[in-house]
Structures are given as structure tokens and as C-alpha cells.
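Here's a quick tour of one protein model, written for someone who likes to poke at the atoms. Have the viewer open as you read.

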Amino acid sequence: MIGRLRRAYRGMRLGTRLALGLGVLSLVVFGVVGTALTTYMRDYLSAQLDTTLAQGQIAQSKSIADYGTLSGKKYYSWFYAVYDVADGTPELRKPEDPADLPEDVDDFTALAQAQTAAHTELLRTEHLRGEGEYRLRACEVEPGVVLVSAAPMEDIEDTVGQLITIQVVTFGLAVLALVVFGRGMLRRGLKPLSDMAHTARGITSHDLTDSARLSVRHDGRSGGPEVEELRTAFNTMLEHIDDSLAVRAEAEQRLRRFVADASHELRTPLMSVRGYADLFQYAAANAPEERDKHLARLRAEAARMGFLLDDLLLLARLDAAEVETPLRPQEADLVELVEQAADAFRVTHADHPLMVAPGPGSLKLRLDPQRIRQVLDNLLTNAAMHTPTGTQVSVAVSVANGTAQVRIADAGPGIPPADRERVFDRFYRVDKARSRDRGGSGLGLAVAQSLVHAHGGRIDLTSEPGATVFTVTIPLTLGRLTDL
């Protein structure tokens, strides 16, 4: 049954569904308003009855005190009970008229007892057997005499019931009118949506392979604020498509620059290899003592070109990770990898003091230890190459918010703000004047970022004069932390 109602609702036109939704919302609002109004009316009438009880007992108390009787001071359908209190125990006086008391006076006696103990007027609502709901009030007439009066609440209940009936009928008719007339108005207001559908069909004839801007826009102005909002969103979507085409064109341009930079970077060692090969050939014939030196340079340039090709191949494989992932994940200790990288850094960069901050004794994660070690080596080498000799470098491992973090910091001059957004770009160098022999190929940070992203993490950079920090964050998936 519920499934059929859902299918029927989904099959309705948008105007009908909106009208029904407004009807349900209005029904809820009417219900809240009606409940508040009914509660207020009930409380107001109850307060009026309490006031009438109090005023009536004032006159009745005076009559009892002066004449010992209630004669002429009674209200229709009210009950009255007079108690003499001795030693805190109320004793019921014989009523002047048997009709002054209900069949069961236990509630009257209990209220008189409570008034004797409280020494103040008391009010209660009780259901008197065979009579209905009554409002009881007890007050002291004079020392030792307590009067309990009871007024029926039947009129209040009748008034509240009539009010509820009127509200249900009125609100029901209002909701029905809202749904019927609102449906027609909504359908007319949403009619301009068909114009947008026509505009959308016009987009299908546009050549999206062209990076030029889409000339199609919807410029209608009918339909009201809601349709105008949808129209604005529609045109915003077209602007987004334009931006996406521009981004694609920029990506193609970056690819062209990447190919050009890669060709340039490879050409330099190749030219060196050719030059040293010619020198080696000359030395072999005329200066045998120079052969070993030229051969060593040939090997160095070949190794440099090999490292560059390895980085380019790794980046290409990371870019095509859906086809072939370059990672070989296994359980490894991140703290141990950091210590190994620190030891290697101290050997190769003895002119930069390195401090390993205290941290967890062991941090087992599922990762590719060789690639993470490559990330650490790249970041540490970057800190050494771009800071003066003697600059302090530090590395720290920590765990926070379900992630493992490796923080590599140096006390160097910092990275200029204009360069911070591009330090992870391929072949980008902060110091344009730095030679390739000292400054590297500009792929170290790009490789590090791609490898960390392949592990589901990220690298964050903060830099200012005297403090540059690279923070590697890796999720603690299938990992565990062991303290010393």
C-alpha cells in the first residue's frame, strides 16, 4: 500500500506535489495554532472559574461567620461542605440541604485536611463519582472552620469542544482551498520551465570539444521568484561548463609545457653525454690519463638522466593509477622509515644538523615503504638544498584525528608567498637562478605529493621567514599505534 502511494506521488506533476506539500505544511501550522489557541482558552476559562470560586467563597464565608448558614449564597450545581477542625482533624457539618454534597465527599475531606495543614487557600481539579469534573477550593472561614466549594467544569469542556470543532472545520476547508487553488497557481507559475528544457536541448547541438564559451543562455523573465532562482542556477551551470572548458584548455596547455620542460630537462644531460663521449674518444687517442675522469662524468650524467626518467615514469604511472598502480602496500613501521631517512640525511647532508623529535615508538601502517621513504628523502633533501649551510632541520612523527603525521621543518629563509601555490608543480623551481646540478629537476615535491595522494593522504605547507614546515598526513587505515 505504501509502495503504491509512493509511486503515485512520484507520478504526479510538480505543481500538484508542491501544492500537496504546502497543504501538509499548512495543516501542521494550523494544528499548532489550534492547539495553542485551545490551550489558552482552556486556561483562561479555568482562571475565570477560579476567580468566581474565590469571590463566591468570600460571601459564603461571611454568611457562615455571621449567621452560621449558607442560605442565599449558593450557586446552581455547586457543592458545599463545611468542616469543623479539632486537633487538625476535619469533621463534616450536617449540610443545610442534602443536595449541597455529592455522594462521595472523600475528595472534599482530603482537601480540607490539606488546607488545615497548609493554612492557605487550596485549589484542585477532581473527578467526582457520578458528577464529572469539578474544581474544588478550600479556605478558612474562621479559626477552626474550613469551607470547601466545588464548581462544575462541564461548561468549560463544552466551550473548548465547540472551539475545537470550529477549528477543525475551518482549518480543513482552508487547507482544501489552499491545495486546490494553489495547485493551479503553481502549475501556471512553473510553466516557463518548458522554455528551459528547450534551451537545454539547444546545448546538445553545441560542439563541446571547442574551448570557446557557450553562447546559449536562458533570458526569460516570467515565472516568479522560484522559477527565476532556477533560471539563475541554470545559467550558473552553463557558466560552470564554460569554466570547465577553460580548465581543460589550461590542462592541455600545462601538458604541452610539461612535455616541453621534460624535453628540455632531458636534452641537457644528453648534450653532456655527447660532449663527454667526444672528449672520452679524444682522450682515448691522445690523453689516456683523462679517460677515467671523462668516463666518470659520462656515468654521472647517465645516472642523472636515469633519475629524471624514473621520476617522469613514476608520475605518469601515478596519473594513470586506475590502469596500473605503482604502489606495493604492506604493513610497515612509519617511525622506522623516518629514522632510516634521518640517518641517510645525516650522512649525505652533514652540513645541516637534523633533530628527530620524540614521538611514538612504533606506528604500523599499510603502505608502500619504498615510496614513503622516497617522499621523506625528497622533503628532507628539499630542506637542505634550499636553506643555507648550518640551518637546523627537524622531523617529527605524531598521531592526530585518526591520521599519522610526519612534520618536516627547517629554519631557513622561507618560501615567498607567490611561490607557495606552485612549489608542487612539476619542473617548478623557487630559485630560478639555481643550477640544475644543485637545484635538481624540479620534480621532487611533485613526486612526493603524488605519492602521498596515492596513499590517500595529503601534504600541507606553511612557510614564513625562519620556519618552513611540510606536513605529510596519511590515514590510519588498518594501522595501530604502539608506545614505548
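## Starting at threonine 38

Let's begin with a backbone-to-side-chain pair: a polar atom in the side chain of threonine 38 sits 2.8 Å from the backbone oxygen of glycine 34. Bear in mind that this is a predicted model. Threonine 38 belongs to helix H2, and its side chain also has a polar contact, at 3.1 Å, with the side chain of glutamine 167.

Is threonine 38 buried or exposed? Its relative accessibility is 10%, so it counts as buried, the cut-off being under 20%. Skipping residues up to four places away in sequence, threonine 38 touches Val160, Leu163, Ile164 and Gln167.

## Phenylalanine 30 and the annotated spans

Phenylalanine 30 is in helix H2 too. Which residues does phenylalanine 30 contact, leaving aside neighbours within four places in sequence? They are Phe171, Ala174 and Val175. Phenylalanine 30 and phenylalanine 171 are 141 residues apart along the sequence, yet their C-alpha atoms are 6.4 Å apart in space. With a relative accessible area of 23%, phenylalanine 30 comes out as partly exposed.

There's a record to set beside this: an unreviewed UniProt entry lists residues 20-41 and 160-181 under "transmembrane region". In the model, residues 20-41 are 100% helix and 0% strand, with 31 Å between the end C-alpha atoms. Residues 160-181 are likewise 100% helix and 0% strand, and their end C-alpha atoms lie 31 Å apart.

## Helix H9 and its cap

Helix H9 covers residues 369-385, 17 residues in total. From first C-alpha to last it reaches 24 Å, close to the 24 Å expected at 1.5 Å a residue. At the N-terminal end of H9, aspartate 368 acts as the cap, with a side-chain oxygen 3.1 Å from the backbone nitrogen of glutamine 370.

Which residues of H9 are buried? Among them are Ile372, Val375, Leu376, Leu379 and Leu380. The buried list also includes Arg371, Gln374 and Asn382.

## A hairpin near the end of the numbering

Strands E11 (residues 458-464) and E12 (residues 467-475) pair antiparallel over 7 bridges. One handy landmark is leucine 461, whose bridge partner in E12 is phenylalanine 470. The hairpin has 2 residues between its strands, and glycine 466 takes a positive phi near 90° there.

## Positive phi without glycine

Where does serine 77 sit? It is in the loop between helix H2 (14-67) and strand E1 (79-86). Serine 77 isn't a glycine, but its phi is positive, at about 70°. Its relative accessibility of 33% makes serine 77 partly exposed.

Histidine 119 is another non-glycine residue with positive phi, in this case near 60°. You'll find histidine 119 in the loop between helix H3 (106-118) and strand E3 (122-128). Histidine 119 is exposed, with a relative accessible area of 67%.

## Zooming out

Now for the whole protein, which has 12 helices and 13 strands. Of its 484 residues, 35% are buried. Among contacts with a separation of 6 or more, 65% link residues 24 or more positions apart; the pairing of phenylalanine 30 with phenylalanine 171, 141 residues apart, makes a nice example of such a separation.

As for the outside, the accessible surface is about 28,800 Å², and carbon and sulfur atoms account for 57% of that area.

Note on methods
Residues are numbered from 1 along each chain as its sequence is written. This is a predicted model: local features need pLDDT of at least 70, side-chain atom pairs count only at pLDDT 80 or more; totals for chains, interfaces and linings use all residues. Side-chain values use heavy atoms; hydrogens and water are left out. Helices (H or I, at least four residues) and strands (E, at least two) are DSSP runs, numbered from the N terminus. Buried means under 20% relative accessible area, exposed over 50%, partly exposed in between (1.4 Å probe, protein chains only). Contact means heavy atoms within 4.5 Å. Accessible areas come from the Shrake-Rupley method with a 1.4 Å probe; for residues, only the protein chains shown count as cover. The expected span of a helix is 1.5 Å times one less than its number of residues. A polar contact is a pair of N or O atoms within 3.5 Å; within protein, one must be able to donate a hydrogen and the other to accept it, and residues adjacent in sequence count only if both atoms are side-chain atoms. UniProt positions are given in the numbering used here, feature names are shortened, and annotations may be inferred rather than shown by experiment. Two strands pair if DSSP finds at least two bridges between them.
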